[in-house]
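Work through the exercises below with the model open. Each task is followed by its solution.

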Amino acid sequence: APLAKDVVLVVDRSGSMSGKKIEQVRESLKFVVERLNEGDRFNIVTYSGDVETFRPELEVMNAETRAAALGFAEGLFAGGSTNISDALATALPMLSDSARPSYLVFLTDGLPTAGETDEGRIVQVMRDKGGAHVRAISMGVGYDVNSRLLDRIADAGRGRSEYVRPEENIEAYVARLYESIASPVLTDVQLTIEGQGRSPADGPLVNRLQPASIRDLFRGEQLTVAGRYRAGGEVKVSIVGRVGDSIRTFEFPLRLSAKGEASTHRFVPRIWASRRI
């Protein structure tokens, strides 16, 4: 059975979201609420110049709270300025239980006009108040979306971003976004690569890994990591993560090609370089 999780949906209802955008966000919100599992805990935070919450704290998902949340979503309308920093500061403390997979789902065009408007300081709110266990999932809507800010928030929360244009069918995008929180398999993932016969004095075998921090793994996903290494040879790759309340370790043998050795994986340097840039 999927792990029980905590989810806070943060919804932009500012004036910049008027028209098709707020319709898409309303449908996205209802889509996620309808698919949260019984026993999940959730809340909805909406914001323009001020911040409003569906309930004062996390609610357990059941038939009653689902119906109330869908009604709350149906009543959303757009108007006012955009106070992203206060919305994050309100939502993140609700995700304080580090024993449960915790997700902040951010539906917005990412254009702050009230409260703190400096992008770097907004991202710092995510880092300061989120905790290491909180994952941020950003969904940006519209042609004028601030993708740089949304990507930075997602990176700070070791999550992901999706983007949708106003005229597009939003269902596929929201389904993909929801898959990111529906079935977490391995959380708090750590990767190590150890070379045989190397000592600490030799320095790290690998460096400049991309992604630098690994997000949670979900059902049906694969983990792709690219980096640079100092010397070829036999190595051991270890992946450690949390499955529910237990810690699991997976180990794999791997051989790194020596310098100048012919390789069938010549696409790897290009992947690494493009991610690094």
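**Exercise 1.** State the volume of the second largest pocket, then describe its lining.

Step 1. The volume is about 600 Å³ for the second largest pocket. A pocket is an open set of points on a 1 Å grid over the protein atoms alone, where a 1.4 Å probe fits, with protein on both sides within 12 Å along at least five of seven lines; lining residues have an atom within 4 Å of a point.

Step 2. Its lining has 19 residues, and Asp155, Gly159, Pro211, Ser213 and Arg215 are the closest to the centre.

Step 3. Two or more lining residues come from each of α5 (147-156) and β7 (160-164). The largest share, three residues, is from α5.

Step 4. By class, this lining holds six nonpolar, six polar and seven charged residues, with Gly counted as polar.

The model is predicted: local features need pLDDT of at least 70 and side-chain atom pairs 80 or more, while totals for chains, interfaces and linings use all residues. Residues are numbered from 1 along each chain, and side-chain values use heavy atoms, without hydrogens or water.

**Exercise 2.** Do the same for the largest pocket.

Step 1. The largest pocket holds about 1,300 Å³ of space.

Step 2. Of its 32 lining residues, Val225, Gly227, Tyr229, Leu256 and Val268 are the closest to the centre.

Step 3. Elements that each supply at least two lining residues include β8 (184-195), β12 (233-243) and α7 (268-276).

Step 4. The lining divides into 20 nonpolar, six polar and six charged residues.

Technical notes:
Grid points are joined across faces, edges and corners, and a volume is the space filled by probe spheres set on the points. Helices (H or I, at least four residues) and strands (E, at least two) are DSSP runs, numbered from the N terminus.
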